[in-house]
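I opened the notebook today with two topics to look up, the pocket space and the surroundings of the ligand. The entries below follow that order.

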Amino acid sequence: MTITGCTLKDFAQILANLALYWGDERLAPLHHPTFIHEFGNTAYVIREDDTISGYLFGFLSQTEPVAYTHLIGVHPEHRRRGIGRQLYTHFIAYARSQGCIGIKAITSPGNSASIAFHRRLGMVLMGSPDVDGVPVVKDYAGPGKDRVVFYRSI
Ligand SMILES: CC(C)(COP(=O)(O)OP(=O)(O)OC[C@H]1O[C@@H](n2cnc3c(N)ncnc32)[C@H](O)[C@@H]1OP(=O)(O)O)[C@@H](O)C(=O)NCCC(=O)NCCS
């Protein structure tokens with residue numbers, strides 16, 4: 001499987017199929033075009049024929065030597081085949097080449113698939129257990145908006 005940079009055509013195809021990757025379109029606002037235009041060197045897709053099997057939009061922090069995964073989505077029919085891991089491996093290799101020493105991502109406490117996936121990638125969950133025992137950083141996204149914060153040295 002080949003990883004390529006996300007083109008505007010790829011981006012349009014992702015936007016047209018958001019519910020496929022995420023179950024609904026609530027995350028549409030997070031698919032900001034800046035990830036293609038300004039952070040295009042860390043926006044990747046894996047394409048199989050006419051299908052985008054998976055994509056990762058990230059960036060390198062400007063305040064610390066850390067890479068940040070903003071979005072990673074894998075087509076439901078292509079999950080559990082190592083596509084998500086491959087996208088992360090590619091991003092980490094680039095981040096290392098740019099001097100980064102860590103990688104970070106966040107998710108909501110209810111996204112158990114994302115938590116399981118990121119744990120398998122060796123990422124640790126920062127913060128303290130919430131009422132369900134999931135480690136979260138309290139108020140990370142504002143008052144009452146706890147988030148699961150993943151981090152791993154690279
Ligand atoms: C989370 C997601 C990106 C994983 O992608 P994927 O291509 O299926 O993951 P991979 O096949 O590369 O799996 C990597 C590891 O994570 C594990 N894993 C992946 N999904 C898992 C799940 N739902 N439950 C438990 N383990 C899981 C795999 O077993 C694998 O472990 P191993 O390599 O040690 O055997 C995908 O399920 C997805 O797109 N979900 C919807 C969007 C989403 O929630 N994205 C994350 C937002 S932060």
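**Pocket and ligand**

I began with the largest pocket of this predicted model, and found that about 1200 Å³ of space lies in it. I then listed the residues that line the largest pocket, 35 of them, and noted that W22, I72, N111, A113 and S114 are the closest to its centre.

Next I asked which elements supply at least two residues each of that lining. I found α2 (18–22), β4 (66–74), α4 (83–97), β5 (102–107) and α5 (112–120), with the largest share, seven residues, coming from β4. Sorting the lining of the largest pocket by class, I got 15 nonpolar, twelve polar and eight charged residues.

Where does the largest pocket lie with respect to the domains? I noted that it lies between domain 1 (1–57 + 73–100) and domain 2 (101–154), because both give residues to its lining.

I turned to the ligand and looked up the 20 residues around it, of which V74, R80, G82, R85 and R120 come nearest. For polar contacts I recorded that a backbone N or O atom of V74 lies 2.7 Å from an oxygen atom of the ligand, and that for G84 a backbone N or O atom is 2.8 Å from a ligand oxygen atom. With N111 the contact is through a polar side-chain atom, 3.0 Å from an oxygen atom of the ligand. Last, I noted that the ligand on its own has 920 Å² of accessible area, of which the protein covers 79%.

How values were computed:
Residues are numbered from 1 along each chain as its sequence is written. This is a predicted model: local features need pLDDT of at least 70, side-chain atom pairs count only at pLDDT 80 or more; totals for chains, interfaces and linings use all residues. Side-chain values use heavy atoms; hydrogens and water are left out. On a 1 Å grid over the protein atoms alone, a cavity is a set of points where a 1.4 Å probe fits but cannot get out, and a pocket is an open set with protein on both sides within 12 Å along at least five of seven lines; lining residues have an atom within 4 Å of a point. Grid points are joined across faces, edges and corners, and a volume is the space filled by probe spheres set on the points. Helices (H or I, at least four residues) and strands (E, at least two) are DSSP runs, numbered from the N terminus. Ala, Val, Leu, Ile, Met, Phe, Trp, Tyr, Cys and Pro count as nonpolar, Asp, Glu, Lys and Arg as charged, and the others, Gly among them, as polar. Domain bounds come from an automatic or database domain assignment. A residue is near a molecule or strand if one of its heavy atoms lies within 4 Å of it. A polar contact is a pair of N or O atoms within 3.5 Å; within protein, one must be able to donate a hydrogen and the other to accept it, and residues adjacent in sequence count only if both atoms are side-chain atoms. Accessible areas come from the Shrake-Rupley method with a 1.4 Å probe; for residues, only the protein chains shown count as cover.
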